[in-house]
Amino acid sequence: MYLLDPFVKVTNNIKYLGLSTYHEINDKNEFTVLPSTVIYLLSGKKHRFVVENNSQILGEKTTNPESTIANTKWAFILSWLWGEVLKAKENEELKVWADLGGGNDNISELGIGQQYRAAKTIEITPEQDDVWLGSFHRMEVFSTRPNKGLFFHFVVIDKPKIYLAYFDKQSIKPEVKNFTINDGYYSYGQVIKFYVATHMLPMKIGEQYSEKYGKVDTETSFENLEFEIELTDESHNPLLEEPILKGKLVDYSPIVKEAEGYTRISSGTANIQYEFPIFIDTKWKDNIHNKKDKTKAYSVTIKIINTKTKKEYPFTPNMNQIRRVADNKKDFDDIEVSPIFMVKYESMDTILSQMEDKKSNMIQYIGDIDYNNKESNPCAYSKITINNGEKDFEIFNEYKLSGKEIKDSTQGIIDIVCGDKETKDIKITAKFLPSKDDAEEHVRTDKNGFKCQMILNDGKPHNGIYDVFKMNWVVGQWVPSQDPALFAEHYMKMIGLGNKPSFFHPSNGSSSPKLEWNKSDQEAKGIESPNKNEYQNVSVAGIQGLAEETDYTISEAEDSITLKLKYNYNKSYDDKILNYLYGEQEYLTKGFFDENFKNIWVIRYLLKWVKNERISQTYFVPVTTCRYLNQIAQIRAYPDMKWVINFNYNIETPLYYKATTPLVEHYSSFNEGKINTSNNNKRKEILDKKISNGLQHYVGRKTTFGLYVECEVSGEDEVFKLGNEFGEKYREMCAPLFFLVESLDNTLGISDAEEENRRLLNAPSTKKGLLGRLSALPMSFELNPPSLGLGVGIGYSTSQNGNITYEVDARIKADPIIGAKVTLDILALGSKLKPWGAIVDALDIASWLINFCSAGKIEIDYKVEVRFTAEIKLVGKKTKEETKTEPAEYESEAKFTYNLADRNLDFHGGIQGKILGEIEISTSVKIKANIKDAQGKPAEEPKNITELSIGVKASSSVSLTCPFKLNKEGKLDLDLEFSGVKLEIWFKAGLNMDEEDSEEPDKIVPLIPKVNFKKSIEF
């Protein structure tokens, strides 16, 4: 409660005497005051209450009414403290009553003493900035004894506004030479609270007051109220363009949450307290906080907006002290607060390291004792489970073991793997079991009617699930086994020296056995930690950088808390990384870091992994009731990153190419020169392939080679990759990998393919057979090489028991493993037939003349081919089942993962064979021109500026897919697909055509429908 100077004025001037008690507003009688009513006093107006000669108030036996009225006693107090003053001892004076100048007689009841005023009237003239604004008060009007005469409630109202906003006062050491964990400064990555109090935001008031006061501004509900908080410097100059926090106002009030509904709050409360979590974002560190400044002062501004009316209620924090009712509820305390908060500059590595140290210290302070025996306090839960999104892990169960021995595994930790882009939901649930085999019930606390002994709860009963999952202030528990002094004392006792320590179990009082050296920690249950004062202003959520609604939600209905966890990466780079990369690893300094420089932060985690340094981040939730205090559910987060080695090796030239004699003879009759005709282009293509294949034994095959080392981080695209030219530059380092080519040669007999082909064609037994007949046709045969890719990664994963381990993730791609292609040239075949040969020759002469006369600016191309292609490739997991219109789909890579702890291998892959037949007829005309660049220099090669093409293709294929994994019935599923026959037609015409223009057909006509077969083979 925010209080300063009193605003009440008392006078002896009686203006009205009659049969009733009146409330005057600006000297005008407006209301009759009845016992126990609530009266709203509008600021800026004079309010006077008049007591009159009335037997209902003074009593029928009053002998001197005039004297009694003149000495009427007025005393008021905050309404919510009424229950406390009823407990006051006789003649005890409580300083929570308003100081009205003092009376002559001492009032021995209700702690009033002389804190009253004797007068015939009392006048109250509040202003809009009065500190009592919005507080409900109980006014006692009596002659001799309070609580025996008239009483009523009043509250001062003004208009909707924010009237208070502040941060906790930091306890900063006067001189900072070296920052420490407890130096009083906040750290980046920490969450602190911003406290805000509003007046009439929202609040409903009766219509009768509008009649007396005129129009009174109000906000009647939370429905359209939202807020925005902006970051500023200490002079309140904005530092960022966007708010650092915004949302629905109703979500940030502890009072509203406790009310379990907003009707009672909005109609019966003038002031509402809000708590906003302010995350001290590490992004501010280098964008706003200059490294040369050891500390930085921040502040905020807040505004509440009605999104419907657009009305805004802004406020700028400006106060350093507030007054509130003391914890003993007998007096007031002046509390120092601050409009700013101070943050120290540290490296990101230090910030994250100190955050983990702070978490560890708080876990020690909370004090999770190891329970061996079942307790019996009525305020209780029986079991705690943690769900990691896939499985429940039971970490506590008072019925789990036989007899009174209980399962307490809260000293253990559940491990998870996550990144910083998507959250990992962890749900912690507490439940009560009446007996071992009974159904689960809600946790038992004072809120649902079970006696609470208020153990380790700051003298308050556990009131619902927010007091079970302690994410705010928590009272720590002393754990004897963590106290070296106690162990020393035990040791001295064992050798006959020292004294016994004496601590008492609070649930059993003085009958509890004394805590001796051979007793368990459970004997010290409920003893407050000696470090309590150090943690009074520290919240469990704040020290972990967690904010309610954003990072966790608590469900009263499910008795659970759900953490939305991320792994906080240190994405800065420092001398430690640069020294390693540029010093210890000199061969890595040759320029390829340019594109990776901003992402070399991942090296830090590789170094930590190699050097076995701490890499995990801890999160925890205290779970407490009187029966089992301060049990801790702990979760460790590890980074979701894998270090991967990718290798690919592609042979660009065919392993074997053969063009039949008729095909070669047909195209050898055309002049090479510079004239680009369709026949000349085809001849060059055949010749180039023959030469390339012939020279492979001498100069090697034309290959592409890739070796990549990369770090895959969840949510990031290509965070860190060493590759591109790396493989080519260091081919000699990877010479052993070329055994793949030799292996293919030896295994498949590719080196001997040409010789074997010649032998078969020349053998007498085959000269009139199929091979002999085929050799007479103008056709070509290609044996296509493998296209291989292999990636092996290792990263963190969790085992079935929830512990961290490593997982190997491998991906294998072979598309194809091997392939072959036969092409029959119909034009070349037609040239041997009359009259088709003359037509083919005429076509080529025409294309030659056009190209020649246009100086190479016009090209005509045409072809009529029959092609057969066969290939075998590796496929991955089936991603889509076949339908009547669409074939089944498979991942392009076979994959397997191996969990080292569970020894579990999960493999998805198979082999697919496909035969494709195509008939294509097409022709095209291209017009080219020499294009100049921006400097007026002509390009080396002419570019297409106009193109006209038309074509038709009929195709059909058959594929067979066989997975390597048996189905659930232990059988092997084979997928056989006949694609049907389809006709594709395309037409293309345009200016400035791109060489990369899509070759998608304009129309597809199914001639024969597709057919799918599925067969399971039993072994």
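The second largest cavity in this predicted model has a volume of about 60 Å³. Let me start there, because its walls lead us straight to a helix I want to talk about. Its lining is made of Ser187, Tyr188, Gly189, Gln190, Ile351, Gln354, Met355, Lys358 and Ile543. By class, that gives four nonpolar, four polar and one charged residues. Which element gives the most to this lining? That would be α8, with four residues. (I said "because" a moment ago; please take that only as my choice of route.)

So, on to the helix. α8 covers residues 348–366. At 1.5 Å a residue, its 19 residues should span 27 Å, and the end C-alpha atoms are 27 Å apart, which agrees. Which of its residues are buried? The list is Met348, Ile351, Leu352, Gln354, Met355, Glu356, Lys358, Lys359, Met362, Ile363, Tyr365 and Ile366. If you have the helix on screen, keep the general geometry in mind: an α-helix has 3.6 residues a turn, so residues three or four places apart point the same way. You will notice charged names among the buried ones, including Glu356, Lys358 and Lys359. Lys358 is also one of the residues lining the second largest cavity.

What do the buried residues of α8 pack against? Their partners are α7, β20 (341–344), α10 (540–543), β28 (617–623) and β29 (631–639). Just after the helix comes glycine 367, with a positive phi near 80°.

Let's move to the other enclosed space. How many cavities of 30 Å³ or more does the structure hold? Two. The largest has about 80 Å³ of space, and it is lined by Tyr605, Trp609, Ile615, Met641, Trp643, Ile794, Gly795, Tyr796 and Tyr806. The elements giving two or more residues to that lining are α12 (602–610), β30 (641–651) and β35 (787–798), and β35 gives the most, with three. Its chemistry is easy to remember: eight nonpolar residues, one polar and no charged. Set beside that, the lining of the second largest cavity does have one charged residue.

Now for an open space, the second largest pocket. About 1300 Å³ of space lies in it. It is lined by 40 residues, and Phe279, Asp281, Thr282, Lys283 and Asn568 lie nearest its centre. The lining divides into 19 nonpolar, nine polar and 12 charged residues. Who supplies it? β14 (245–248), β15 (271–279), α7 (283–287), α8 and β27 (560–565) each give at least two residues. The largest share, five residues, comes from α7. So our helix α8 turns up here too, and α7 is also among the elements its buried residues pack against.

β27 deserves a closer look. Is it mostly covered or mostly open? Covered: five of its six residues are buried. It has two antiparallel neighbours that I'd like to show you. With β25 (residues 424–431) it pairs over six bridges, and with β26 (residues 552–555) it pairs over four bridges. A nice place to centre your view is isoleucine 561 in β27. Isoleucine 428 has isoleucine 561 as its bridge partner, and isoleucine 554 stands opposite isoleucine 561 as well. β26 and β27 make a hairpin with four residues between them. In that turn, aspartate 559 has a positive phi of about 55°.

That brings me to the backbone oddities. As a reminder, most residues other than glycine have a negative phi, and most peptide bonds are trans. Where are some exceptions? One stretch is the loop between β12 (191–199) and α4 (207–213), which holds proline 202. Leucine 201 and proline 202 are joined by a cis peptide bond, with omega about -5°. Methionine 200 sits in that loop too, and its phi is near 60°, a positive value in a residue other than glycine. Methionine 200 is buried, with a relative accessible area of 0%.

The other example is aspartate 458, in the loop between β25 and α9 (484–494). Its phi is also near 60°. Buried or partly exposed? Aspartate 458 has a relative accessible area of 38%, so it counts as partly exposed.

That's my tour. Thanks for listening, and do rotate the model to α8 and isoleucine 561 when you get a minute!

Terms used. Residues are numbered from 1 along each chain as its sequence is written. This is a predicted model: local features need pLDDT of at least 70, side-chain atom pairs count only at pLDDT 80 or more; totals for chains, interfaces and linings use all residues. Side-chain values use heavy atoms; hydrogens and water are left out. On a 1 Å grid over the protein atoms alone, a cavity is a set of points where a 1.4 Å probe fits but cannot get out, and a pocket is an open set with protein on both sides within 12 Å along at least five of seven lines; lining residues have an atom within 4 Å of a point. Grid points are joined across faces, edges and corners, and a volume is the space filled by probe spheres set on the points. Ala, Val, Leu, Ile, Met, Phe, Trp, Tyr, Cys and Pro count as nonpolar, Asp, Glu, Lys and Arg as charged, and the others, Gly among them, as polar. Buried means under 20% relative accessible area, exposed over 50%, partly exposed in between (1.4 Å probe, protein chains only). Two strands pair if DSSP finds at least two bridges between them. The expected span of a helix is 1.5 Å times one less than its number of residues. Contact means heavy atoms within 4.5 Å.
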